[in-house]
Amino acid sequence: MNIALVGNPNSGKSSLFNSLTGLNQKVGNFPGVTVDKKTGTFVLDDDLTSTVIDLPGTYSLYPRRDDEWVAYKVLMRADKQVNAEVILLIADASNLKRNLLFCSQVIDLKYPVVIALTMMDLARKKGIEIDVAGLSTELGVPVIPVNPRKNKGIAALKKTLAQTVKKNQPLQKRDFINNQLLAADAIEKVKHVLPGTGDYEAIHYLINHENFELPQTINDVIEQAEIDTKFNPSKTQAEEIVQRYKRIKQVMQQNVVEPDPLQRKLFTEKLDNLLLHRVWGYAILLIVLFFLFQSIFWLAQYPMNGIDWSFSQLSGWLNNALPTVWWSDLIVNGLIAGLNGILVFVPQIMILFGLITLLEDTGYMARISFLSDKLMRKVGLNGKSVMPMISGFACAVPAIMTTRNIENKKERLLTILVTPLMSCSARLPVYTILIALVIPNKYYFGFLSVQGLVMMGLYLLGTVMALIVSYVFKFIIKLKEKSYFILELPVYRAPRWKNVGITMIEKAKIFVTDAGRVILFISLLLWVLSNYGPPSRMNAVDKKYASLTAQQISPAQSSSIQKQYKSEKLQNSFAGILGKSIEPVIEPLGYDWKIGIALITSFAAREVFVGTMATLYSVEDKDNSTLQQKMQSAVKEDGSKVYTLPAALSLMVFYVFAMQCMSTLAVVKRETRTWKWPIIQFIYMTGLAYIMSFAVYHIFR
Ligand SMILES: Nc1nc2c(ncn2[C@@H]2O[C@H](COP(=O)(O)OP(=O)(O)OP(=O)(O)O)[C@@H](O)[C@H]2O)c(=O)[nH]1
Ligand SMILES: [Mg+2]
């Protein structure tokens, strides 16, 4: 049995989905969190297992955005993967009137329906009283109050669902409104070619038939019917809404007692007076963002140092314990170094995701959208672009998917194009290690960390560039469509700490497994590439040093010769040859061939940078020093330092702008349905990276 969960955005669908299935579908206090379908199963009754499908929120059956289309297609039986047999409708009791519009539309589609009434606690606070039994009689479907946040009412809901599923409840005869009145003749013609279609469903076929992949013959008949009956879609829609609200008004009058709207001021409204204030609102916003970044850097440093220290202990111990054979080198310098490179960033990623979840869960994210709409509009974006952009600080892939809730096509495209400029968590490791190399670890006033400020500067650089790029593209991309910004501001809610905790752990897991796999694979590959080379060249190096070490020398000389030997071997290895071959291109940016290797490996995914460095430096050097110490002492052939301030800054800037992520390109292709935009994105971002790094290197030199 398939049960589809539908309802208005932010009404608690995903929360209920989680309560039913025990899964952890993403929940957030922001309309438009779910943008795709997600399936789970649960035991409905002793002997009955059901599948539930969580869907994006929809305000009405007239979809405007891509995410609304997902739910609409399921409801119109036009989604081949989902066959919804029972509809679990979610209605927000604190906004009943608006929610009933959608409910009444779904009821008229003639599905077996059960309504779950969420937010009863909020409705009560607002002073709204609902006669649930009366409402159920009036609508002709079961209505069950639930609170998925507190897991209340779930048992009763399951029982009712089981009854509905089992007894195959006779469907309502009477429509909520008389749909026949809207376009009787046209409806009859549709029903003639699509037998078994309900009146209201027929209206939707008339309006949206091109989107349902119907056979051409049927499409032709429908189009002919429209012409013959002079069917006017927008007039029909408008009339339908008026009719529905008329009836909803009656239903509300009979079953709902609403307080005088002026009487009570909710906590949310009082708080919004401050947080959306013309001056204070923006000041608070800046402070919030400031603390967001400071805390990522500041809070995470302790666990990070701990992890780094443990790994250097571990590899020191292994170095002594393992016999000196080729695979011990692979384990210590390939595997362990690669693992260290992954795990050390887990604290920062967890903190970043935790804080973003907190912003979303409390409802403040929606206020950020609201406050920034004006600025965003100037550069061709929209207040709704802010949520994807801030999520882009974590990872561009899910962020680009959330752009589905932007109505305007051009604004959505611009948001997709610039979101990867927001510094994602994969860049964090690169920034962290480079900052530690060249920026002093000093504090102003005891808490303002200089390193933290530079970090913030990098994030800001990406953000400002995103706005500039959008502004430029706004003039280049020709796509005209009316733009509007409608975002429902959700009420403030206490964050659910469990949700925050789960998100943090989930994201850490995903990072360690997904990124980890890539990093480990590339680390190992790199270890091979940097230990082996064309035999002729490697042999020549071997020979040269064999004769050198044969001479009588002091131990100090011998160790320095050993180092030179290893370094020369690395240069002649496959990796070395690769890095050397791109050296001419990157030299103007201040990089050496080792950085060149890192740039090549991190074109698939940026996370690989640190692992690459770890592998490259450990091939040359076998001391137990940390990667940072090794990089610190790295020198070029002429003896000058590799990681000077200009070179490191230039490299940071390169990582701010360059498009080095296959997954992002793939998701952009999927969302824009063409290769054109990912290709443009790749070219403009990489070009920008090159030019900006060049400029930075030459300014600071
Ligand atoms: N007070 C209260 N809050 C609730 C209740 N049900 C859900 N919430 C909260 O409402 C917010 C939205 O919940 P979601 O489950 O993400 O809503 P959704 O319908 O899936 O939203 P979209 O995916 O954006 O359409 C979350 O902050 C929940 O914790 C309820 O019964 N009472
Ligand atoms: Mg959801």
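This is a short walk through one predicted model, from its metal site to its nonpolar cores.

Let's start with the metal. Which residues coordinate the magnesium ion, ligand 2? S14 does so through OG, and T34 through OG1. The distances run from 1.9 to 2.0 Å. These two residues come from distant parts of the chain. S14 sits in helix α1, residues 13-21. T34 sits in the loop between α1 and β2, where β2 spans 38-45. They are 20 residues apart. Both S14 and T34 are buried.

Stay with α1 for a moment. How many of its residues are buried? The count is 9 of 9, so to speak of α1 as mostly covered is fair. The list reads K13, S14, S15, L16, F17, N18, S19, L20 and T21. What do they pack against? Five strands appear: β1, β2, β3, β4 and β5. Helix α6, residues 154-167, is there too. Right after α1 comes G22, with a positive phi near 75 degrees.

Now the sheet. It is open, with 6 strands and mixed pairing. The order is β2-β3-β1-β4-β5-β7. β2 and β7 are the edge strands, and each pairs on one side only. β7 covers residues 143-145. Neighbouring strands are turned against each other by 30 degrees on average, ignoring direction. Take one pair in detail. β1, residues 2-7, runs parallel to β3, residues 48-54, over 4 bridges. Within that pair, N2 has T51 of β3 as its bridge partner. Helix α5, residues 132-139, packs on this sheet. α5 touches β5, residues 113-118, and also β7. The direction of α5 makes about 155 degrees with that of β7.

Next, backbone angles. Most residues other than glycine have a negative phi. Two residues here go the other way. R77 has a positive phi of about 55 degrees and is not a glycine. R77 lies in the loop between α2, residues 66-75, and β4, residues 86-92. Its relative accessibility is 43%, so R77 counts as partly exposed. E213 also has a positive phi of about 55 degrees, again without being a glycine. Its loop lies between α8, residues 199-208, and α9, residues 216-228. Is E213 buried or exposed? E213 is exposed, because its relative accessibility is 60%, over the 50% cut-off.

On to a charged side chain. R244 belongs to helix α10, residues 233-255. Why does R244 count as buried? Because its relative accessible area is 0%, and the cut-off is under 20%. What does the R244 side chain meet there? It makes a polar contact with the side chain of D108, at 3.0 Å. Leaving out neighbours within four places in sequence, R244 is in contact with L101, S104, Q105, D108, F176, I177, N179 and Y200.

Last, the nonpolar cores. The largest has 105 residues. Which members touch the most others? F609, M613 and Y643. Helix α20, residues 450-476, gives the largest share of this core, 10 residues. Look at Y643 more closely. Beyond four places in sequence, Y643 touches L434, L437, V438, I595, M613, Y617, M631 and A634. There is also a second, separate core, with 63 residues. Its members include L100, Y111, L135 and I218.

Key:
Residues are numbered from 1 along each chain as its sequence is written. Chains are lettered from A and ligands numbered from 1 in the order in which they are written. This is a predicted model: local features need pLDDT of at least 70, side-chain atom pairs count only at pLDDT 80 or more; totals for chains, interfaces and linings use all residues. Side-chain values use heavy atoms; hydrogens and water are left out. A nonpolar core is a set of buried Ala, Val, Leu, Ile, Met, Phe, Trp, Tyr and Cys residues joined through side-chain atoms within 4.5 Å. Buried means under 20% relative accessible area, exposed over 50%, partly exposed in between (1.4 Å probe, protein chains only). Contact means heavy atoms within 4.5 Å. Donors are N, O and S atoms within 2.8 Å of the metal (3.2 Å for Na, K and Ca); water is not among the atoms, so sites may look incomplete. A polar contact is a pair of N or O atoms within 3.5 Å; within protein, one must be able to donate a hydrogen and the other to accept it, and residues adjacent in sequence count only if both atoms are side-chain atoms. Two strands pair if DSSP finds at least two bridges between them. Axes are lines fitted to C-alpha atoms, for helices over the stretch in contact, and angles run from 0 to 180 degrees between N-to-C directions.
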